[in-house]
Amino acid sequence: MRVKDLSASDRPRERLMSSGAAALADRELLAVLLGSGFRGTSALDLASQVIKHCGDLDGLRRSDPHRLLAVPGVGPAKAARVAAAFHLVRRADAWPERERITSTSDLANHCAPLLRGRRHERLVMVVCDTRGRVLKHSVLTEGASDHTPVPIREVITEVLTSGGAVFGLAHNHPGGSLEPSPADLEATAQLVQAAETVGLRLLDHLIITDAAWRRIPT
């Protein structure tokens, strides 16, 4: 059966977009890379043949692209795409390990340098992957000396577009108080609810002063 004859929910590319790459088997991921099959052979069947030709996924990872040309239906373009994908993974693995945030204190230590010593309230966000590795941090808003808004929709959108799964927020109180305001409590509750709706998780929302920090209860 050709891939395009499958229902939309069974096609590898559509499943990847709707459920994420982790939901796909090895041959389905490879089929997405290959893009198409050839005369009477679907992309899924061709992917199975390529993996079998190389022995297993690790053999495919180490294969020279010219070795893949021996598989009927694999031309230079397909072989190059597969080789390029595995090489990108090797390059990514060679980068130093990203900073990880797995606790409230980690979040506080990461955010404090961005907040302490400032005369106006500032809201910062840290976006992490499922393992707590920092993907990005950013200053979301900067307001008056006693408040700054928490843009719920903007927060959720930025986490999603960054590919994050977990995120944390922190803002400063220039006056030195660690007591959360009613607005702080309401915004935190809204963030927890909005995050859960789209499958994200709020690690914590912190208040940070020049001398200490405190988590806002959820």
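This report walks through a helix pair, two nonpolar cores and two partly exposed residues in a predicted model.

## How α2 meets α6

Let's start with a helix pair. Two packed helices are described by the angle between their axes and the distance between the axes. For helix α2 (residues 26-34) and helix α6 (residues 76-94), the angle is about 125 degrees and the axes are 9 Å apart. An angle between 115 and 145 degrees falls outside the parallel, antiparallel and perpendicular ranges, so α2 and α6 count as oblique to each other. As for handedness, the crossing of these two helices is right-handed.

Which residues make the contact? On the α2 side they are Leu30, Leu33 and Leu34, and α6 brings Lys78, Arg81, Val82 and Ala85. Sorted by character, the contact of α2 with α6 has five nonpolar residues and two charged ones, with no polar residue in the mix.

## The largest nonpolar core

Now for the inside. The largest nonpolar core has 17 residues. Those with the most contacts inside it are Leu30, Val50, Leu60, Leu68, Val74 and Val82. Two of these names, Leu30 and Val82, also turn up in the contact between α2 and α6.

Which elements give two or more residues to this core? They are α2, α3 (43-54) and α6. The largest share comes from α3, which puts in seven residues.

## Leu68 and a second core

Leu68 is worth a look of its own. Leaving aside residues up to four places away in sequence, Leu68 touches Val50, Cys54, Leu60, Ser63, Val74, Ala79 and Val82. Val50, Leu60, Val74 and Val82 are, like Leu68 itself, among the residues with the most contacts inside the largest core.

Apart from the largest core lies another one, of 15 residues. Ala112, Leu115, Val126 and Cys128 are among its members.

## Two partly exposed spots

Gly176 sits in the loop that runs between β3 (166-172) and α9 (182-197). Is Gly176 buried, exposed or in between? Its relative accessible area is 43%, so Gly176 is partly exposed. Along the chain, Gly176 and Ile208 are 32 residues apart, while 8.5 Å separates their C-alpha atoms.

Ala189 has its place in helix α9. With a relative accessible area of 45%, Ala189 is partly exposed too, since the exposed class begins over 50% and the buried one lies under 20%. Between the C-alpha atoms of Ala189 and His205 there is a separation of 10.0 Å, and these two residues are 16 apart along the chain.

Key:
Residues are numbered from 1 along each chain as its sequence is written. This is a predicted model: local features need pLDDT of at least 70, side-chain atom pairs count only at pLDDT 80 or more; totals for chains, interfaces and linings use all residues. Side-chain values use heavy atoms; hydrogens and water are left out. Axes are lines fitted to C-alpha atoms, for helices over the stretch in contact, and angles run from 0 to 180 degrees between N-to-C directions. Helices (H or I, at least four residues) and strands (E, at least two) are DSSP runs, numbered from the N terminus. Angles under 35 degrees count as roughly parallel, over 145 as roughly antiparallel, 65 to 115 as roughly perpendicular and the rest as oblique. A crossing is left-handed if the near helix is turned anticlockwise from the far one by less than a right angle, and right-handed if clockwise. Contact means heavy atoms within 4.5 Å. Ala, Val, Leu, Ile, Met, Phe, Trp, Tyr, Cys and Pro count as nonpolar, Asp, Glu, Lys and Arg as charged, and the others, Gly among them, as polar. Buried means under 20% relative accessible area, exposed over 50%, partly exposed in between (1.4 Å probe, protein chains only). A nonpolar core is a set of buried Ala, Val, Leu, Ile, Met, Phe, Trp, Tyr and Cys residues joined through side-chain atoms within 4.5 Å.
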